[in-house]
Amino acid sequence: MNLAILPAYIGILYGNSLSGICLAVFFLLSTALFSEPSGLSDMVINTGILLYPLLFGLTRLFKEVKLIEKIIILWVVLFPSMLFIVLVPKMKGVRAFESYSPESLLVTLYLFTTLLLGSLLVYFIETAWDKVQIKDKMNGISERFMWESKKLEQVTDIVQLNIMSMNGRGYVTELNEFMLKLVHRHYPDFTREMILSRPASVLFGDSVDKQTYAQLQEIFYNKQRSNAKIKCGSYTYQIYTAPLQQGTEPPDGVVMIVQDVTEEEKIRTELDNVERLTLVGQMAAGITHEIRNPMAVVCGFLQLMREKSPVELDSYYQIVMDELDRANGIINDFLSLAQSRISDKEEVQLHLIIEELGPLIWADANLRGQSVEFSLSPSLPRLKLNVREIKQLILNLARNGMEAMDAKGVLTLETRMNGNKAELMIKDTGSGIPQDKLGNLFAPFFTTKNHGTGLGLSLCLSIAERHNGTIKVDSVPGRGTVFTVAFPFEAEESQAG
């Protein structure tokens with residue numbers, strides 16, 4: 001029995017053209033060197049070389065068909081070769097099977113054994129190859145799954161959302177870095193491993209009251225979409241949940257997105273307060289505007305009564321007139337403070353405004369026995385200002401400074417550039433302002449004067465803010481006070497000439 005032909009044929013059918021040719025040449029050489037009896041005719045018989053063209057022609061078809069069809073193709077080329085090996089010696093008169101009886105049974109057994117072994121070899125090769133392919137596919141799927149998992153983890157860590165997932169029992173199964181930082185806000189000692197080993201309700205259970213805890217419990221175990229807002233200590237959180245569902249199966253957990261809305265809640269509350277204060281301010285502005293009409297009538301009748309009254313009553317009329325003027329000034333300041341419209345601005349040099357006010361400021365200072373100094377920077381740019389409002393701001397701050405000083409005090413008006421801001425500083429050498437009063441200095445109706453209205457500095461702050469500017473105050477008791485007004489300017493604005 002010559003069964004070496006089996007692996008040779010199967011190897012040629014499974015291999016490519018080059019490997020098939022190499023295997024065929026190796027088989028021919030091995031047969032020529034080691035087969036008995038030797039000779040060219042025996043080599044041709046034992047190698048089945050005459051069927052090699054058919055064998056190479058079927059290799060492509062062999063790789064594309066199923067197992068049963070592969071076995072049939074192998075039989076197609078194997079059966080003639082084996083039959084040829086058996087019958088040719090008989091045709092030559094060689095008694096190859098004399099020791100066996102009957103010869104036909106031996107031939108049949110030989111052919112059947114060869115075909116059966118060939119079928120088994122193909123079956124085992126296909127089975128092993130399928131397992132290798134399945135293993136390769138599983139490795140590929142596993143690698144893709146790992147990559148997709150890492151990619152999803154990277155995405156959840158990049159997106160600035162606090163994300164956490166839980167299983168059906170309420171245990172945390174995963175959380176991103178932002179959620180971990182949020183948990184550390186309330187539990188600094190918690191590690192990721194500790195969080196993943198306990199129910200989600202435990203994470204917040206110690207930080208909230210019973211009502212909020214019950215609300216959290218409902219959120220954690222509710223396997224439906226939900227949107228709830230809870231208080232946790234001094235923080236407010238908006239919690240969004242959605243069920244984790246696989247196909248038609250019931251939800252087996254939820255994914256949770258937690259958003260810190262503490263600042264938003266504060267801003268919303270402040271906006272509500274601002275809206276109420278704005279409404280009150282509008283009503284007050286309307287009321288004060290209407291008050292001016294009867295005050296004008298009162299002033300007119302007082303003028304008539306003064307003309308017809310004795311001269312000795314003039315001082316009394318003067319006191320009433322002064323108080324009415326003072327009340328009218330308070331109303332004007334209040335209306336200016338309540339003004340919320342955008343100021344009309346023009347590009348102007350701040351030094352020109354100060355120079356126009358110079359004589360008026362000098363006159364007020366001379367009446368008080370004080371002096372005024374100006375230190376104006378030549379590099380100050382032109383600014384977009386409302387001239388009337390800036391004059392009012394400068395006069396208010398200058399007169400406040402003069403009122404805070406005794407005789408021989410010095411008031412200094414200085415300008416300078418500080419980064420991208422032009423600054424106006426008004427300094428006095430007065431008694432200064434106590435530190436405990438600096439915080440309320442710009443609050444409406446707050447004053448440190450005996451006869452002040454408390455609206456002057458509030459009005460100054462309002463004017464500065466309408467110019468996108470700021471006012472800063474520095475005061476040292478016994479040495480004086482400095483008010484610094486900063487106005488922003490852009491690089492493309494015209495520079496001072």
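Guide: Two strands pair if DSSP finds at least two bridges between them, while helices (H or I, at least four residues) and strands (E, at least two) are DSSP runs, numbered from the N terminus. What you see above is a predicted model, where local features need pLDDT of at least 70, side-chain atom pairs count only at pLDDT 80 or more, and totals for chains, interfaces and linings use all residues. Residues are numbered from 1 along each chain as its sequence is written, and side-chain values use heavy atoms, with hydrogens and water left out.

Visitor: OK, which residue in S4 does Cys232 stand opposite?

Guide: Strands S3 and S4 run antiparallel, with seven bridges joining them. They form a hairpin with two residues in between, and Gly233 in the turn has a positive phi of about 65°. Facing Cys232 from S4 is Tyr235.

Visitor: In what order do the five strands of the open sheet come?

Guide: Strands in a sheet pair through backbone hydrogen bonds, either parallel or antiparallel. The pairing in this open sheet is antiparallel. Read across, its order is S2-S1-S5-S4-S3.

Visitor: And which strands stand at the edges?

Guide: An edge strand here has a single partner strand, so one side of it has no neighbour in the sheet. Neighbouring strands are turned by 25° against each other on average, direction ignored; axes are lines fitted to C-alpha atoms, for helices over the stretch in contact, and angles run from 0 to 180 degrees between N-to-C directions. The edge strands are S2 (172-175) and S3 (226-232).

Visitor: What is the bridge partner of Tyr237 in S5?

Guide: Strand S4 spans residues 235-243 and strand S5 spans 254-260. Seven bridges join this antiparallel pair. In S5, Tyr237 is partnered by Asp260.

Visitor: Now the helices: is the contact of H14 with H15 nonpolar, polar or charged, and how many residues in each class?

Guide: H14 (350-368) and H15 (387-403) pack at about 30° with their axes 10 Å apart. That makes them roughly parallel, since angles under 35 degrees count as roughly parallel, over 145 as roughly antiparallel, 65 to 115 as roughly perpendicular and the rest as oblique. The contact (heavy atoms within 4.5 Å) includes Leu357 and Leu360 of H14, and Ile394 and Ala398 of H15. With Ala, Val, Leu, Ile, Met, Phe, Trp, Tyr, Cys and Pro taken as nonpolar, Asp, Glu, Lys and Arg as charged, and the others, Gly among them, as polar, the contact has no polar, six charged and 13 nonpolar residues.

Visitor: Is Cys460 buried or exposed, and at what relative accessible area?

Guide: Cys460 lies in helix H17 (456-466). Eight of the 11 residues of H17 are buried, so the helix is largely enclosed by the rest of the structure. Buried means under 20% relative accessible area, exposed over 50%, partly exposed in between (1.4 Å probe, protein chains only). Cys460 is buried, at 0%.

Visitor: How far apart in space are Cys460 and Leu397?

Guide: Neighbours within four places aside, Cys460 is in contact with Leu393, Asn396, Leu397 and Ile471. Cys460 and Leu397 are 63 residues apart in sequence. In space, C-alpha to C-alpha, their separation is 7.8 Å.

Visitor: Last one: what phi does Lys408 have?

Guide: Most residues other than glycine have a negative phi. Lys408, in the loop between H15 and strand S9 (410-418), is exposed at 76% relative accessibility. Although Lys408 is not a glycine, its phi is positive, at about 70°.
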